[in-house]
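Let's work through a few exercises on how a protein is packed inside. Have a look at the model first, then try each task before reading its solution.

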Amino acid sequence: MIDMFESCRQYRSQFPLTPAQEALCDLLERNSYVTPTQYAQLRDFSLSFFGVPTLYSIKANKASDRGALRVIYEPGGRDSAVSCQIDGCLILLNEMSQLLNWPPEAAQDVNRMARVVFPPKAEQTANWEGGIWLGLDSADNPPMIKVYASLRNYPALRGWQKLADIFGEFADSGMAPVLSDLISQAGKLGNPVGVCFGFDCQGMRGIRFYSDVTHPDAEGLKRLCATYFPNSVFTVEQLCRRFAEQFGAFGDNSITLGFDFAAADGV
């Protein structure tokens with residue numbers, strides 16, 4: 001039988017994680033690889049199609065030939081209802097903040113995040129595919145905790161409204177026209193599918209929202225990128241052409257876009 005904990009540790013040993021990051025990974029793994037209760041009704045993990053609650057990925061960067069290690073966990077176990085999984089992750093986030101000696105004020109933004117993202121009643125999540133994922137990036141020093149929440153559980157229009165609610169909670173008033181324009185542009189290509197919050201000892205430090213592309217093609221992607229990053233159009237064109245040469249046309253919903261917003265006296 002494969003010892004998943006030891007396998008994870010061996011893989012992580014190839015990367016320069018700090019002692020604090022190692023401790024966080026151990027804590028998350030203990031709360032993710034949970035043996036289901038006998039006869040319990042099991043749900044599929046929402047994190048992956050492979051039946052595991054952990055995903056490792058490599059982020060290429062110039063600082064290291066090996067790159068940075070990114071890990072994402074879905075704590076709670078397959079026999080945990082989504083509402084219980086959400087509550088358990090919020091408790092786990094508190095444990096993680098204590099392990100990192102964060103001040104109590106840092107947890108306030110976590111509570112604000114949960115209040116705006118998740119419905120107040122357990123029965124409202126009964127048909128959800130998943131609740132919270134928690135992640136780390138070895139390049140973050142001091143450590144930052146990433147909190148991922150799916151917006152696929154909402155109809156498309158409700159998902160966009162939920163995104164507006166999130167920015168209404170954390171952003172200043174100057175963000176409103178920027179977000180309105182971005183929703184208009186991204187909404188032409190697809191629907192919101194997720195949101196990620198980055199937390200450190202000072203509280204919430206950034207938000208990334210994810211939108212899929214229903215019918216991806218080079219022209220649509222180039223138009224979107226040209227709106228915000230004109231110099232990126234040639235790179236996007238090259239990427240699309242090389243992908244088509246190697247793999248053929250993009251499949252429906254095969255591309256996910258990420259939009260980053262850093263926090264500095266508001267978002």
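Contact here means heavy atoms within 4.5 Å. Keep in mind that this is a predicted model.

**Exercise 1.** Find out which residues of α5 meet which residues of α6, and work out how the two helices run relative to each other.

*Solution.* Start by locating the helices: α5 covers residues 156-170 and α6 covers residues 175-187. On the α5 side, pick out Trp160, Leu163, Ala164 and Phe167; they meet Met175, Leu179, Ile183, Ala186 and Gly187 of α6. Sort these by class and you get eight nonpolar, one polar and no charged residues. Next comes the geometry: the axes are 11 Å apart, at an angle of about 160 degrees. Angles over 145 degrees count as roughly antiparallel, so that's what α5 and α6 are. Finally, the crossing of α5 past α6 is right-handed.

**Exercise 2.** Now turn to α4 and α5, and sort their contact residues by class.

*Solution.* Helix α4 spans residues 106-117, and its axis comes within 9 Å of the α5 axis, crossing at roughly 155 degrees. That angle therefore makes the pair roughly antiparallel. The crossing is right-handed. From α4, the contact takes in Asp109, Arg112, Met113, Arg115, Val116 and Val117, while α5 brings Lys162, Asp165, Ile166, Glu169 and Phe170. Go through those names and you'll find five nonpolar, no polar and six charged residues.

**Exercise 3.** Do the same for α7 and α8.

*Solution.* Look for α7 at residues 218-228 and α8 at residues 233-247; their axes cross at roughly 160 degrees and come within 9 Å. The two helices are therefore roughly antiparallel, with a right-handed crossing. Ala218, Leu221, Lys222, Cys225 and Ala226 of α7 meet Val233, Val236, Glu237 and Cys240 of α8. The tally by class is seven nonpolar, no polar and two charged residues.

**Exercise 4.** Which residues have the most contacts inside the largest nonpolar core?

*Solution.* A bit of background helps: in soluble globular proteins, nonpolar side chains tend to be buried together. In this model, the largest nonpolar core has 62 residues. Met96, Met113, Phe118, Leu134, Phe167 and Phe197 are the ones with the most contacts inside it. Zoom in on Phe118: leaving aside neighbours within four places in sequence, Phe118 touches Ile86, Met113, Trp128, Gly131, Ile132, Ala149 and Tyr154. There's also a second, separate core of six residues, among them Ile72, Tyr148, Val193 and Cys196.

Definitions and conventions
Residues numbered from 1 in each chain as written. Predicted model: local features only at pLDDT ≥ 70, side-chain atom pairs only at ≥ 80, totals over all residues. Heavy atoms only, no water. Core = buried A, V, L, I, M, F, W, Y, C linked by side-chain atoms within 4.5 Å. Buried < 20%, exposed > 50% of the residue type's maximum accessible area, 1.4 Å probe, protein only. Axes fitted to C-alpha atoms, helices over the stretch in contact; angles between N-to-C directions. Helix = DSSP H or I, 4+ residues; strand = E, 2+ residues; numbered from the N terminus. Parallel < 35°, antiparallel > 145°, perpendicular 65-115°, else oblique. Left-handed = near helix turned anticlockwise from the far one by under 90°. Nonpolar A, V, L, I, M, F, W, Y, C, P; charged D, E, K, R; others polar.
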